[in-house]
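This report covers two topics: the surface around a DNA strand and the largest pocket. Start with the structure itself.

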There are 2 protein chains.
Amino acid sequence: MILSIDFNSDEAIYMQLRNQIIFGIATEEIREGDSLPSVRQLAEDVGINMHTVNKAYSVLRSEGFLKLDRRYGAVIALDINKIQAIEDLKNEMRVILAKAICKNVTEQEAHAMVHQIYSDILD
Amino acid sequence: MILSIDFNSDEAIYMQLRNQIIFGIATEEIREGDSLPSVRQLAEDVGINMHTVNKAYSVLRSEGFLKLDRRYGAVIALDINKIQAIEDLKNEMRVILAKAICKNVTEQEAHAMVHQIYSDILD
DNA sequence: GTGTCTGTTATATAAATAGTATAACAAACA
DNA sequence: TGTTTGTTATACTATTTATATAACAGACAC
């Protein structure tokens, strides 16, 4: 799995890592039980500090994507709380769809976008 | 228009204001040409600093929701750049849908959610 | 003109967050 | 025994967030 950082992005480095790893899981590039590089290894690979990677891993653990183990390092372990996931999604969608509605994006266009993203990720 | 701040939220105050004003525009509670309270007035009303309101207004202006005028204060003025809006929406949706997919949220469920949010906001 | 209301700009300060740097610890294991 | 793992601690810098005070110029009512 290739992880790359845009140091000019306004998005925090640990969030860029977090998002890319979530994409990797969604696309099944990495699966339940797979190990991620150790915090030190990944930090060296992408040229950032160990603690920044550790923060990304900690966020992913608290969000139910990872298990951190002294023996095996960071292991993909999905905690599927669908009620929570739907609640989170709804809250996040409300804000970005409200913005889209102000800009005259139609419901049809939003549906088309959801469909395309699902296809991009799953196919 | 009622604006309220949750001081215990992890979301920045100026972003809470920004989001609530976007909701107000989406629901047509406030419309093109309507004025928002002055930075000083709103700051006093919700009990925050003038500069925090000013930052919210500045963000809204740069995102194409407001026009700031010395005579009339902050006036709703939508700059509809639909290409940009769709691009923004797609990028924001990609992240939250990737997360949802990891948690087994189906495309059907995502569509239902989009439909419900559009209905909630527009009806 | 005077006073008052706009947004705007400039400083200063405090707190929190983000990122880096170095170091040490205990568990696991070859 | 030595190495690797996550974990924790401390320290430092930079940026962001929020507050506080102050001043400025344009607009406008009196």
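## Residues around DNA strand C

This is a predicted model. In it, 24 residues surround DNA strand C. A:Ile13, A:His51, A:Lys55, A:Arg71 and B:His51 come nearest. By class, this surface has 10 nonpolar, 8 charged and 6 polar residues.

Both chains supply elements to the surface. From chain A, α1 (13-26) and α3 (50-62) each give at least two residues. From chain B, α2 (39-46), α3 (50-62), β2 (66-69) and β3 (73-76) each do so too. The most comes from α3(A), with 4 residues.

## Contacts with backbone and bases

Which parts of DNA strand C lie within 4 Å of the protein? Sugar or phosphate accounts for 61% of those strand atoms, and bases for the rest.

Chain B offers examples of each kind. On the phosphate side, a polar side-chain atom of B:Ser38 lies 3.2 Å from a phosphate oxygen of the strand. On the base side, an N or O atom in the side chain of B:His51 is 2.6 Å from a base nitrogen. B:Arg70 also places a polar side-chain atom 3.3 Å from a base nitrogen of DNA strand C.

## The largest pocket

The largest pocket has a volume of about 1400 Å³. It is lined by 30 residues. Closest to its centre are A:Met15, A:Glu92, B:Glu11, B:Met15 and B:Ile96.

Helices of both chains contribute to the lining. In chain A and in chain B, α1 and α4 (82-102) give two or more residues. The lining divides into 12 charged, 10 nonpolar and 8 polar residues.

Conventions
Residues numbered from 1 in each chain as written. Chains lettered and ligands numbered in written order. Predicted model: local features only at pLDDT ≥ 70, side-chain atom pairs only at ≥ 80, totals over all residues. Heavy atoms only, no water. Near = heavy atom within 4 Å. Polar contact = N/O pair within 3.5 Å; in protein donor to acceptor, adjacent residues only side chain to side chain. Nonpolar A, V, L, I, M, F, W, Y, C, P; charged D, E, K, R; others polar. 1 Å grid on protein atoms, 1.4 Å probe; cavity = no way out; pocket = protein on both sides within 12 Å on 5 of 7 lines; lining within 4 Å. Points joined across faces, edges and corners; volume = space filled by probe spheres on them.
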